[in-house]
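Thank you all for coming. I would like to take a few minutes to walk through one model, going from the arrangement of its chains down to individual residues.

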Protein chains: 2
Amino acid sequence: MENVVTPLMREILPFWGELTDAQQKTLTDSVVRKTFTKGESLHSGDEDCLGLFVIKSGRIRVFFLSESGKEVTLYRLFERDICIFSASCIIRNINFEVFVTAETDTEALLIPALIFDRLSRSSIAAADYANQLMASRFSDVMWVMEQVMFMSFDKRLAMFLLEQANIEGKDRIHLTQEAIANHLGSAREVVTRMLRYFQEEGIVELFRGGLQIKDRKKLLALTYTNPET
Amino acid sequence: MENVVTPLMREILPFWGELTDAQQKTLTDSVVRKTFTKGESLHSGDEDCLGLFVIKSGRIRVFFLSESGKEVTLYRLFERDICIFSASCIIRNINFEVFVTAETDTEALLIPALIFDRLSRSSIAAADYANQLMASRFSDVMWVMEQVMFMSFDKRLAMFLLEQANIEGKDRIHLTQEAIANHLGSAREVVTRMLRYFQEEGIVELFRGGLQIKDRKKLLALTYTNPET
């Protein structure tokens, strides 16, 4: 029953060892390898419900879309992370929809929704894992909510730029002001205004389609300010 | 094994019928009856972790508190609802803290955290139910986030006043402007300004410690506006 995906499943799924041989076989036999190019959609609101994506390589973005088309990034997932909301149809009592796109070229293993649903009804370890995954994402979303509600925009933008530089591994960030606004659930004009202020302060240098962080220390200092007090 | 709390448990817990006799007995034997007076705390961030509260009567409020003491209501729970975040210590991967207080005098049954933890590790039906509860609360929180991010404040305030009138069963709302601000995660000054505007428009009449809804139709119309377009 050893299959080319088995080692990865064993490594990433913490409940693998608690499955029966038959359950392991069903899982490996049903897993589908998928590749997505940068910008491609993995999941679109309630239009599809493919299943859980186990990210092999690349990066995906999970975001919320308002009725009028405004976006806000809820979280991003990286290598070895598992995307559960692309299987939202099997999670009862979820009545919101999220969108998932590939931020870079991405390789993933898809565990089909029905297979995982059946598994989590027969294996308490798998059910418990689904619960933990949801709790993690819930925590991510609460963190976004805390930022949106209680942090000033300069602080949020500074945190985002540092996170982005960290993800990209360099201080030159290729993201339009529109894209940054979509990450932060804000308007492009607001991002433009704040980035210009950052530029005047010598913190960043703007160029067409992106920006260069010039003063990390000052950017970091912004994330420590507490505008509420 | 019939106990005074058994009928309520059977009625409220959808997984009751799938428990073994021994599991049912453990549950009924360990459940504790609790009463809370209006304003009393049921759960305070990470300071306690009593367990799941099954609301017999009354109303509780679950809210988030920022570092500097700002509040926002995440959801309210009513008769027959179950509060899971008062048992947050048994939910792995939850790294945010919420607060729970009684909004009216409240009677509840407490299922101790350790008992439920053990149950959800031995009963797939109980584990699945915990998962559904969390998914419901996740959906509630996403709804709050959607409001905060994408709705204008007049719309949010109008929705809150209508919800409150609905809960109280009357159009005379006894809530200070401070309390309303804490529900909405806003500043008191912002609430005051908007309520004064509502009063000028003949929608509400303010009095010390509360307000009277004068024109439901206009209030309802505000909730339909879409300021994003």
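Please keep in mind throughout that this is a predicted model. I begin with the two copies: a turn of 180°, with a shift of 0.0 Å along the axis, lays chain A on chain B with an RMSD of 0.0 Å, and that is the relation of a two-fold axis.

How, then, do the copies meet? Of the interface residues of chain A, 100% are also interface residues in chain B, so the two copies meet through the same surface. In that interface, 33 residues of chain A are in contact with 33 residues of chain B, and on the side of chain A that touches chain B the largest share, 18 residues, is supplied by α4(A). If we sort the residues on that side by character, we find 16 nonpolar, 11 polar and six charged.

Let me turn to the interior. The largest nonpolar core holds 116 residues, and the members that touch the most others are Cys83(A) and Cys83(B). Which residues does Cys83(A) contact, leaving aside its neighbours within four places in sequence? They are Leu52(A), Phe53(A), Ile60(A), Val62(A), Leu77(A) and Val100(A).

Next comes a sheet in chain A, an open one of four strands in the order β1-β8-β3-β6, with antiparallel pairing. The edges are taken by β1, residues 32-36, and β6, residues 82-83, and because each has a single partner strand, one side of each is left without a neighbour in the sheet. For β1(A), five bridges make the antiparallel connection to β8(A), which spans residues 106-112, and across from Leu109(A) in β8(A) stands Arg33(A).

I will finish with helix α5 of chain A, which covers residues 153-168, 16 residues in total, and reaches 22 Å from its first C-alpha to its last, close to the 22 Å expected at 1.5 Å a residue. Its buried residues are Arg156(A), Leu157(A), Ala158(A) and Leu161(A). As a general point, an α-helix has 3.6 residues a turn, so residues three or four places apart point the same way. What do the buried residues of α5(A) pack against? Their partners, still within chain A, are the helices α4 (124-150), α6 (177-184), α7 (188-200) and α8 (216-224), together with the strands β9 (172-173) and β11 (210-213). After the helix comes Gly169(A), which has a positive phi, near 75°.

Note on methods
Residues numbered from 1 in each chain as written. Chains lettered and ligands numbered in written order. Predicted model: local features only at pLDDT ≥ 70, side-chain atom pairs only at ≥ 80, totals over all residues. Helix = DSSP H or I, 4+ residues; strand = E, 2+ residues; numbered from the N terminus. Expected span 1.5 Å × (residues − 1). Buried ≥ 20, exposed ≤ 12 C-beta atoms within 10 Å, placed from the backbone. Contact = placed C-beta atoms within 7 Å. Least-squares fit on C-alpha atoms with pLDDT ≥ 70 in both. Nonpolar A, V, L, I, M, F, W, Y, C, P; charged D, E, K, R; others polar. Core = buried A, V, L, I, M, F, W, Y, C linked by C-beta atoms within 7 Å. Pairing = 2+ DSSP bridges.
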